[in-house]
Number of protein chains: 2
Amino acid sequence: VSRSPIIAGPRPTTFIEAPNLTARLGANVVIASEAFQWTGSFKFRAAHYVATHVPHAAMVTASSGNFGAALALICRVLGKQCTVVMPAQASRLKMDTVRSFGATVDLCDTTRRTRESRVAELAQEQPGAYIASSNDDPLVIAGNASLGRELARWPFDAILVPIGGGGLAAGVVSGLRNAGASTPVWAIEPALANDFSRSFAAGRIIAFDSEPETIADGARLRRVGQAPWAVLQHGVAGVLEVSEDAIRDGVRLLFSQANLKAEPTGALTVAALLDHPDRFRDARICCVVSGGNVHPHLYAEIVRDA
Amino acid sequence: VSRSPIIAGPRPTTFIEAPNLTARLGANVVIASEAFQWTGSFKFRAAHYVATHVPHAAMVTASSGNFGAALALICRVLGKQCTVVMPAQASRLKMDTVRSFGATVDLCDTTRRTRESRVAELAQEQPGAYIASSNDDPLVIAGNASLGRELARWPFDAILVPIGGGGLAAGVVSGLRNAGASTPVWAIEPALANDFSRSFAAGRIIAFDSEPETIADGARLRRVGQAPWAVLQHGVAGVLEVSEDAIRDGVRLLFSQANLKAEPTGALTVAALLDHPDRFRDARICCVVSGGNVHPHLYAEIVRDA
């Protein structure tokens, strides 16, 4: 962009109600969409909070997707330097978005080294930079808590939230409780990436050896962060796993019944109602749709037969 | 749906700001999206107003699309009977939507007779029914005026509105002026369906002999209605025509830069900024996106290469 937009803070979430979506899902569903948040996903809430709450003039993060774009935009607004370490095989579209906000894209050949080691190297090179995690930082949880406070105003019987690194789910729980709401929060994750489900059952963080291969790219993480775990271990009512087919069906249903463009990770919560139809029958359910950024090829392939 | 949703009235429009959309369009653009209105388009505003302001227990309308669905839903909520005359070649999806709200779909073979003659026949059969027009009725303009009142609160330099039958544009003008706002309103129509542009220049309604073939199906009307014309003739600042290519590009830009699923008619206003880039350079522009209902095959084909 040629000029910085005027951004006072995160945008309020967008509530969407659709009679035919409710009919198809067997529950009274309200969507809380973060697809219209700045940069198209909830990640801007945390990026904004972190960037405005640390004094550092430079920020470094590793992100192949939404957090990098969010941090890049808020750094541009604040006049901070921003470096985003991305895997060399990341999509051109995602790199272009980060660059469009004036950030430096640092490409890392992840077949030869980890992104973490490259971030550590950059930390040495830029001793004044803040190393920003997309989930494992109390500031991230405090930033995402703004969504929890918004949800606290509604009389939901349950709130369903996608889980990857845990920053969103922990923020929603934290914001709800701070606002005095005891609404149960359910974490929803792909069965192919069920590390939180197994961690929750075991009472300790369990990690995958490598990133799991789910269509929900926001959940392609080996494990949840320590900071969110401290909130989530006793903070969520439970975890539900969903199939890859249900995730695709969720994207299609949001397209056809709610006119909402959701990324696969965002559709996890609708997928949970499809895969677990009796769990929330006739209850007032909020499905958090965490973002809308999805490659056009993939989206076209999924919705063609909606 | 098994039960009637609780619908107190039209939903407020959804304002979307996207830095990269603004950068691409060369103006400070705010989208006012009606894609999340009940039944997915602005048509619910008028349908709700008409159905709640006439005493008739039955409603009849001719619609191949959004107005039929909107009227069907509000009639279900109010407990009124609803008959929607649709062309026999309308898409199965649209028929299913109207039927899902409990309305009767009356199929008309438009190769053998006009929809108007079938509506007249139904009016004879159902003497107690209100014959609802989707645009040519002062009640329609009064209903759509609620959007104009919402837009009056923003400091826009200009508001761009799609035009087909004229009901939306007339409603926006009427609502703005009633709220004391003098914001200029521009009507945007496909060059292939430029009856309003020619009417505006001539100072009288000019009609096509047959429905024009544009991808913007909401603008496939032979002419604007008399009631909207009375408001629009001196009420709009001007008319801009856009190409079919720009309409497709508009759908793609809204997909990629604003995460918004728009129907082609809804994308007319963004298309206007693409086809007329100097007209509103650096101004604060509201693009009204009138709805999001588009067949998945067509949408997938358009956005695949966004």
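**Reading a predicted two-chain model**

Tutor: Let us start from one residue: A:E244 is found in helix α10 (residues 244–258) of chain A, where helices (H or I, at least four residues) and strands (E, at least two) are DSSP runs, numbered from the N terminus. This is a predicted model, in which local features need pLDDT of at least 70 and side-chain atom pairs count only at pLDDT 80 or more, while totals for chains, interfaces and linings use all residues. Residues are numbered from 1 along each chain as its sequence is written, chains are lettered from A and ligands numbered from 1 in the order in which they are written, and side-chain values use heavy atoms, with hydrogens and water left out.

Student: Which residues does A:E244 touch, not counting residues up to four places away in sequence?

Tutor: Contact means heavy atoms within 4.5 Å. With residues up to four places away in sequence not counted, A:E244 touches A:P190, A:L192, A:T214 and A:I215. A:E244 and A:L192 are 52 residues apart in sequence, yet their C-alpha atoms are 7.9 Å apart in space.

Student: How should I read the sheet of chain A, and what is the order of its strands?

Tutor: Two strands pair if DSSP finds at least two bridges between them. In chain A, six strands form an open sheet with mixed pairing, in the order β1-β2-β10-β7-β8-β9. At the edges stand β1 (14–17) and β9 (238–242) of chain A, each with a single partner strand, so one side of each is left without a neighbour in the sheet. Inside this sheet, strand β2 (residues 28–33) of chain A runs parallel to strand β10 (residues 284–289) of chain A, and six bridges join them; A:N28, for instance, has A:R284 in β10(A) as its bridge partner.

Student: Which strands does helix α6 of chain A touch where it packs on the sheet?

Tutor: For directions, axes are lines fitted to C-alpha atoms, for helices over the stretch in contact, and angles run from 0 to 180 degrees between N-to-C directions. Helix α6 (residues 138–151) of chain A touches β1, β2, β7 (158–162) and β10 of chain A, and its direction makes about 155° with that of β10(A). Helix α8 (residues 195–202) of chain A also packs on the sheet, touching β8 (185–190) and β9 of chain A, at about 145° to the direction of β9(A).

Student: How many salt bridges does a search of the whole structure find?

Tutor: A salt bridge is a side-chain nitrogen of Lys or Arg within 4 Å of a carboxyl oxygen of Asp or Glu. The search finds 26 over all chains. One of them joins A:K94 and A:D217, with the closest N and O atoms 3.3 Å apart. This pair links distant parts of the chain, 123 residues apart, with A:K94 in helix α4 (residues 92–100) of chain A and A:D217 in the loop between α8 and α9 (226–232) of chain A.

Student: How is the size of an interface described, and what is the area buried between chain B and chain A?

Tutor: The size of an interface is often given as the accessible area lost when the parts come together. Buried area is the accessible area (1.4 Å probe) that two parts lose on being put together, summed over both. Between chain B and chain A this is about 3,000 Å², of which carbon and sulfur atoms give 57%. Here 36 residues of chain B are in contact with 37 residues of chain A, and the count of salt bridges between the two chains is zero.
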